[in-house]
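Student: Hey, can you walk me through this one? I've got it open but don't know where to start.

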Amino acid sequence: MGNQIVVPFGPQHPVLPEPIHLDLVMEDERVVEAVPTIGYVHRGLEKLVEKRDFKDYVLIAERICGICSFTHSVTYCNAIEHIMGIEVPPRAQFIRTIWMEYSRMHSHLLWLGLAADAMGFENLFMNAWRLREEILDDMEATTGGRVIQGSSKVGGIRLDIPDEKLGEMVDHLKKIRPLLEESNRIFTHDQTVRHRMRGLGVLSEKDAWDLGAVGPVARGSGCDMDVRSSGYSAYGELGFKPVVFTHGDCLDRCLVRSEEVLASVDLVERAVAKMPDGPIEEKVKGNPNGEYFAFSEQPRGECMHYVRANGKKNIVRHRVRTPTFTNIPPLVKMLEGIEMADVPVVVLTIDPCIGCAER
Amino acid sequence: MIEQKHTIIEIAVTDLLKTVEEYHTKGNRLVQIGCTPLGDCYEINYTFTTAWEFESLRITVHDGDEIPSISGIYWGAFIYENEIHDLFGLTVTGMNVDFQGHLIETRVPTPFKNPPTVTKVPKGGDA
């Protein structure tokens, strides 16, 4: 055994997208062990629920993350609606689903751009972000917000999307689909990408399951695990199938995301084709009393909102378990045995959102 | 609306490790560990799943009680157990990675145990 040294990596580092600290125990250039530390951006949002009306808190739940924001608000609403026995109208469920898939598209395109940038592939980076702008344009046109939408509320949604606009959105997606496919071809076949990512940071299917991996991290390791399969919101009516790859390396985590962008386009098209007419919200009377664990599939993976209420306007407990939080132990496993120069790429492939993880 | 089957099973702290071991043997995934403060006690939920049917083991503890770590069974549990220690001030014994209270360092230590006092800044006063 050679001499071991500990290299502190982060929380502020030019190649880290989020403030996570890693103590890397190194033997020469190889990582023997990685000890993660978080806690640099803790905001106390879960505590704030004790001071805010449960209806107003939707807007705070949405601010847990700037990328999965809409899905956070829907998951929180799902928990409250279940406790209160509110039946959300089908049209609202479909429109929520469309916006959640737009969130996934823009999150994945953002990540694909960052991955390309981490590999030094500037052109691919610019291309992914240019396509993301096209998606954000439709988000902005339908909700008024590019990052925070503020469109979900307990009982339904605040804004309808007129049928004419839904048609325009589908036309727009049809136009950019060939560009997304071209981008996918580069991630799938380009030698630079494959050389940098294939066989790197391998997480076996068994380790992914045992360590609690979720989202593209789990699906890149062969776990057929996607909360959308359970059919929440309108997913049960859209014929959803998860995207699964089996190598468990950085490339397969990348390919899961690039394929999921196209899968999201399909889901939006199907949702628009099946869009029901009718109201977009159900009236909410009284306060919640009970508890519920609501699950959703965010762009980064399975997210859980646990709500405990006692019949008052303030909630007793709001616990959020985000995908990044549960993907940290798998990350530690991925880092074992890799070279120092590969650490940033491997960290990036779990798509870390420490703001999400710490609430 | 999502309607997943979720069963909550209340157990004694002394049965925790044995029961968790059974879940592990049956091939369950650890979904989360979460704590809820309720008056003078705390409820801790250990959620497991094999597919989309969830089961939560629930224990109730008080200040000063010691909770055995399940990180010997589910290696990744350390992240949840350190979080519970840092935010609620509960003692978890035998964690495989013990951050000694430095995983989440909040301005007010253990904020869910010692609620922070919020004072409003008077109008015209310095923020």
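Tutor: Let's start with a term: two residues are in contact when they have heavy atoms within 4.5 Å of each other. Keep in mind that this is a predicted model.

Student: Okay, so how many residues of chain B are in contact with chain A?

Tutor: On the chain B side there are 47, and they touch 45 residues of chain A. Together the two chains bury about 3,700 Å², with 62% of that on carbon and sulfur atoms.

Student: And how many salt bridges are there across that interface?

Tutor: The rule finds 4 between chain B and chain A. One pairs A:Arg319 with B:Glu83, at 2.9 Å from N to O. As for polar contacts, 10 residue pairs between the chains make them.

Student: Which elements of chain B give two or more residues to the side that touches chain A?

Tutor: Strands E1 (6-10), E2 (29-38), E3 (41-49) and E4 (54-62) do, along with helix H2 (78-88). The largest share comes from E2(B), with 10 residues.

Student: What about salt bridges over all chains, how many?

Tutor: The whole structure has 34. Take A:Glu81 and A:Arg96, whose closest N and O atoms are 2.8 Å apart. A:Glu81 sits in helix H3 of chain A and A:Arg96 in helix H4 (residues 90-118), so their pairing ties together parts 15 residues apart in sequence.

Student: Is A:Glu81 buried or exposed?

Tutor: Buried, at 0% relative accessible area. A:Arg96 is buried as well, at 0% relative accessibility.

Student: Got one that links parts further along the chain?

Tutor: Try A:Glu297 and A:Arg219, which form a salt bridge with the closest N and O atoms 2.9 Å apart. A:Glu297 is in strand E6 (residues 289-298) of chain A and A:Arg219 is in helix H9 of chain A, so this pair connects parts that are 78 residues apart in sequence. Both count as buried: A:Glu297 has a relative accessible area of 1%, and A:Arg219 has a relative accessibility of 0%. They also belong to one network of salt bridges that share partners, joined with A:Glu101, A:Arg104, A:Asp226, A:Arg228 and A:Glu260.

Student: What else does A:Glu297 touch?

Tutor: A:Thr71 is in contact with A:Glu297, and also with residues including A:Met100, A:Ser103 and A:Pro299. A:Thr71 is in helix H3 (residues 69-84) of chain A and is buried, at 1% relative accessibility.

Student: New topic: how many disulfides are there?

Tutor: The search finds 0 over all chains. For A:Cys77, the nearest cysteine sulfur is that of A:Cys303, 13 Å away.

Student: Why is B:Cys41 not bonded to B:Cys35?

Tutor: Their sulfurs are 9.5 Å apart, and that is too far for a bond, even though B:Cys35 has the closest cysteine sulfur to B:Cys41.

Student: Last thing, what's up with phi at A:Ser233?

Tutor: A:Ser233 has a positive phi of about 45°, although it isn't a glycine. Most residues other than glycine have a negative phi. A:Ser233 lies in the loop between helix H9 (215-219) and helix H10 (250-273) of chain A, and is buried at 9% relative accessibility.

Student: And A:Asp351, what's its phi?

Tutor: Near 50°, so that's a positive value in a non-glycine residue too. A:Asp351 is in the loop between helix H12 (343-349) and helix H13 (354-358) of chain A, and is buried with a relative accessible area of 5%.

Key. Residues are numbered from 1 along each chain as its sequence is written. Chains are lettered from A and ligands numbered from 1 in the order in which they are written. This is a predicted model: local features need pLDDT of at least 70, side-chain atom pairs count only at pLDDT 80 or more; totals for chains, interfaces and linings use all residues. Side-chain values use heavy atoms; hydrogens and water are left out. Helices (H or I, at least four residues) and strands (E, at least two) are DSSP runs, numbered from the N terminus. Buried means under 20% relative accessible area, exposed over 50%, partly exposed in between (1.4 Å probe, protein chains only). A disulfide is a pair of cysteine sulfur atoms within 2.5 Å. Buried area is the accessible area (1.4 Å probe) that two parts lose on being put together, summed over both. A salt bridge is a side-chain nitrogen of Lys or Arg within 4 Å of a carboxyl oxygen of Asp or Glu. A polar contact is a pair of N or O atoms within 3.5 Å; within protein, one must be able to donate a hydrogen and the other to accept it, and residues adjacent in sequence count only if both atoms are side-chain atoms. Lists of a residue's contacts leave out its neighbours within four places in sequence.
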